[in-house]
Amino acid sequence: MAQIAENRRKEIQEIVYDFFADECEVDVSEISDQTNIIKDLDGDSLMFLELIEIFKKKYSLEIELKTIGKYAVKHPVETIGQLIDMQMLIIEHENRILELD
Amino acid sequence: MAGKVVVTGMGILSSLGLDLDTNWSNLVAGTSGIGYITLFDASENQTRIAGEVPAAFEDHCKKYIKKRAAGQMTRVTRMCIVAAKDAVTHAGVDFEQMDKTRCSVIMGVVNTGNSSVESDTTPQNTVFKSMSNAMSAWVSLDYQLMGPNYAINTACASSAYALASGYDLIRNNQADLVIVGGADSIINKEEIEGFNALYALSVQNDPPEKASKPFAADRDGFVIGEGAGVIILESEESAIRRGATIYSELAGYGLSSEGYNIMAPMKDGEGMAFTMNKALLSTGISLDEVDYINAHGTSTELNDRYETLAIKQVFGEQAGKIPISSSKSMLGHTIGAAGTIEGIITILSIYHNTITPTINLDHPDPDLDLDYVPQTSRKREVCVALSNSFGFGGHNATLVFRKY
């Protein structure tokens, strides 16, 4: 079970790293889990939405955007690592993510 | 007593080039930027010519704007950002040394150009590409400026109104520096059809470079141009503190509404004359001090006739002694950008003591008998110059620039 989770995290991490490298025109080697999306990459909040759409398609997720929005308000994402962790939770819990609080 | 408002930087993109120096040298040489439309297939349109920004712009702007942001902008907004960054560089401004709460952005925007020529519009970027405050917002974001930041739409006078508004912010001590500009392109199938339906555009497609002929007997409408112009307005105190080069003073302005017709100007140019008079009154400059007028000069029957009559009304016998030229003879009509693009040309005329010509004046209209600086530029000391902008809906603006 732990191995599956680790593999999935790696898969998500690769997608997220590639996405930010492409959109922010930086080398993927410059991105780590500690990278701050706004301060270090000059990223924007829209990127988060675009990534959600990518993952919704990839994993056939049923989660509503407003549910993610409610969760994100209580758990703000600043770094790439935090974004990946939240994505893991979304995939695992979908609309039940709010019950985690 | 508030201090002077001065110009410390300029940036311009047009059919005559992608930078200030190239534009100026082409304007002084009397070069036409008008050619056949390449942005879309215009073969079925009545008008098939326009002044397009060179195709090299697409690569040029990659040096200025990151891919991510560029994807949220129209081509017109990108033009604005490039011109703004050039103007800031030209002014030598380091915003880290300025009070950013006193640095503003005002853009004259008729529309952002999110038309059928924009091939990459998606549901995700359509709002950003369409919002009329996008240009001023992006400029402000780029430099993290926190002074007032907004867009003004008064049709073809939009960016002239933006300059007037920037002047007020500085004079009223609301800002030390204002990035003022405009960008526009209506080179798309639907808008050309619309203006053709109003009989406003020239249909003399061959040869394209001869079509825009303000004040000529055979003029038949305006030619569409596109581009961006951005001016750095600054308080004299701030400019001196920074050791900036001052290119001219914006001495004042006149704004008015004709309240007359959605398209046609008031008969005999009464509204235009009122606006010029108002501008001169705001500065205390006397009629005989005016050395040059950069005319609105659209190459339409009514504008050129009425603008000539208006100048005669205002200046009386003096009118025949003042050189008047239309930059639109070379650039076409850049609509929302025209106020600042022509403002820049007026400022450079003062700075270089050189008046750019009205080209294509091969057959002067016998009724229009002022000095339109035909065909070739002219060296002459220019201390005070007016720049006229008149928009559909009766939005009039006259800016007064003075040598510093």
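**Exercise 1. How many bridges pair S13(B) with S14(B), and in which sense, parallel or antiparallel?**

Before solving, some conventions. This is a predicted model, in which local features need pLDDT of at least 70 and side-chain atom pairs count only at pLDDT 80 or more, while totals for chains, interfaces and linings use all residues. Residues are numbered from 1 along each chain as its sequence is written, and chains are lettered from A and ligands numbered from 1 in the order in which they are written.

*Solution.*
Step 1: Strands here are DSSP runs (E, at least two residues), helices are runs of H or I of at least four residues, and both are numbered from the N terminus. Two strands pair if DSSP finds at least two bridges between them.
Step 2: For S13(B) and S14(B) there are eight bridges, in the antiparallel sense.
Step 3: To see one opposite pair, look at B:Ala385, which faces B:Phe401 in S14(B).
Step 4: The two strands make a hairpin with three residues between them, and B:Gly393 in that turn has a positive phi of about 100°.

**Exercise 2. Place S14(B) in its sheet and find out how covered it is.**

*Solution.*
Step 1: Read the strand order of the open sheet in chain B: S5-S4-S6-S7-S1-S8-S14-S13-S9-S10, ten strands with mixed pairing. As a reminder, strands of a sheet pair through backbone hydrogen bonds, either parallel or antiparallel.
Step 2: Check the edges. Strand S5 (149-152) and strand S10 (324-325) of chain B each have a single partner strand, so one side of each lacks a neighbour in the sheet.
Step 3: Add the helix. H10 (residues 270-283) of chain B packs on the sheet, touching S8 (248-257), S13 (384-391) and S14 (395-402); contact means C-beta atoms, placed from the backbone, within 7 Å. The direction of H10 makes about 140° with that of S8(B), where axes are lines fitted to C-alpha atoms, for helices over the stretch in contact, and angles run from 0 to 180 degrees between N-to-C directions.
Step 4: Follow the other neighbour. S8(B) pairs with S14(B) over eight bridges, antiparallel; B:Ser257 has B:His395 as its bridge partner, and B:Gly252 stands opposite B:Val400.
Step 5: Test burial (buried: 20 or more other C-beta atoms within 10 Å of a residue's own; exposed: 12 or fewer; partly exposed: in between; C-beta atoms placed from the backbone). In S14(B), eight of its eight residues are buried. Both faces are covered, with B:His395, B:Ala397, B:Leu399 and B:Phe401 on one side and B:Asn396, B:Thr398, B:Val400 and B:Arg402 on the other.
Step 6: Eight of the ten residues of S8(B) are buried, so S8(B) is largely enclosed by the rest of the structure.

**Exercise 3. Which strand pairs in parallel with S4 (residues 103-108) of chain B?**

*Solution.*
Step 1: The partner is S6 (residues 177-184) of chain B, joined to S4 by six bridges.
Step 2: Within this pair, B:Ser104 stands opposite B:Val178.

**Exercise 4. Compare the length of H7 (residues 158-171) of chain B with expectation, then judge its surroundings.**

*Solution.*
Step 1: The expected span is 1.5 Å times one less than the number of residues. For the 14 residues of H7(B) the expected span is 20 Å, and the end C-alpha atoms are 20 Å apart, which agrees.
Step 2: Twelve of the 14 residues are buried, so H7(B) is largely enclosed by the rest of the structure. Among them are B:Tyr161, B:Leu163, B:Tyr167 and B:Ile170.
Step 3: After the helix comes B:Asn173, whose phi is positive, near 65°.

**Exercise 5. Describe the contact between the two domains of chain B.**

*Solution.*
Step 1: Take the bounds, which come from an automatic or database domain assignment: domain 1 is 5-242 and domain 2 is 252-402.
Step 2: Their centres, taken over C-alpha atoms, are separated by 20 Å.
Step 3: Domain 1 of chain B gives 60 residues to the contact and domain 2 of chain B gives 56 residues.
Step 4: On the domain 1 side, H7(B) gives the most, with eight residues.
Step 5: That side divides into 35 nonpolar, 19 polar and six charged residues, where Ala, Val, Leu, Ile, Met, Phe, Trp, Tyr, Cys and Pro count as nonpolar, Asp, Glu, Lys and Arg as charged, and the others, Gly among them, as polar.

Terms used. Contact = placed C-beta atoms within 7 Å.
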